[in-house]
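User: I would like to go through this model strand by strand, then its core. Please keep the answers brief.

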Amino acid sequence: LSGCGGGSDDSSADSDTLTIGFIQTGAESDWRKAHTVSVKEEAEKRGYNLKFADGQGKPENQIKAFSSFVVQRVDAIILAPIVETGWETALRKAKAAGIPVLILDRTVDVSDDSLFATYVGADTYQEGIQAAEWVVKETGGKANIVELQGTPGSSPAINRLKSFKSVIDQHPGLKIIDSQSGDFRRANGKQVMEAMLKKHGPENIDLVYAHNDDMALGAIQAIEEAGLKPAVYIKLISIDAVRAAFEAMVDGKLNCVVECNPLQGPLAFDLLEKILAGETVAKDNRVKDEVFEMAHAAEDIKTRAY
Ligand code: AHR
């Protein structure tokens, strides 16, 4: 697997050890790093030989890694797809080879659901609703909003945009005045926010809705560098609820976070074991998310492991 780092060594696996190929999106955010650790730790705990392929943010790397796992005849594939589309052919190859595929975190857009065994992840559509409901409550239904989108074509970016808008559109006083991608990355979030401050003028932006914490943390830097107080002059809400976001809330710089739970390894392996044992499992398995506000962040941070 060229360009794929961190794999476990095959030579250490005896013939009874099952080999699982895990294709990750990359390491774009703190959330993603916690997600990778969750899968790797669970595989190790249960004694699997996990081959790790890092997509490094490029869908073509993921497709290449997927084909390679099929050629190697791994026992199962866990796929966290960067983008929703383009998976049909690869999944058909795995199905033909009898290799079950568990789709993790992000969904795929395929015409035939039997191409994968099951899906495990958060309800990223609901997260956008939760964020929008907080915005309505916090602003009393009147605000100019700028949106920092995740990776174009990824299911969380598509869902978080659509669902947020569906609620905001019901309130004539709430306006999404701009919406740009920051690719789920902190540096991009900062850059996009700088450009938005220049384009619209800080006085015309009341609130930032970021599709993940890393972009919100970048936006906070941009707001501070513009000499303004984040969370006071411009309010911010983001999705993920990683430790750095709780720290920002404790520091009074971020108003609210909607959780997207990255600890998906245990549920993924519970299901994978059933699939490998020939049992039927539910096709759609969601982890539960909560909303955390600045006011309780000092307490809530104590239980955040990532
Ligand atoms: O797919 C989940 C999203 O991907 C998380 O919100 C984001 O931080 C990550 O990179």
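Analyst: We start where Val 146 stands opposite Val 208 in β8. This is a predicted model: local features need pLDDT of at least 70, side-chain atom pairs count only at pLDDT 80 or more, and totals for chains, interfaces and linings use all residues. Residues are numbered from 1 along each chain as its sequence is written.

User: Over how many bridges do β6 and β8 pair?

Analyst: Strands are DSSP runs of E, at least two residues, numbered from the N terminus. Two strands pair if DSSP finds at least two bridges between them. β8 covers residues 207-210, and its pairing with β6 is parallel. The bridge count is 4.

User: Which residue in β7 is the bridge partner of Glu 147?

Analyst: β7 (residues 174-181) runs parallel to β6, joined by 7 bridges. Within β7, the partner of Glu 147 is Ser 179.

User: How many of the 7 residues of β6 are buried?

Analyst: Buried means that 20 or more other C-beta atoms, placed from the backbone, lie within 10 Å of the residue's own. Strand β6 spans residues 143-149 and is mostly covered. Its buried residues number 6.

User: Which helix gives the largest share of the largest nonpolar core?

Analyst: A nonpolar core joins buried Ala, Val, Leu, Ile, Met, Phe, Trp, Tyr and Cys residues through C-beta atoms within 7 Å. The largest has 51 residues; Val 208 and Leu 254 are among those touching the most other members. Helices are DSSP runs of H or I, at least four residues. With 7 residues (the helix spans 213-225), the largest share comes from α7.

Key
A residue is buried if 20 or more other C-beta atoms lie within 10 Å of its own, exposed if 12 or fewer, and partly exposed in between; C-beta atoms are placed from the backbone.
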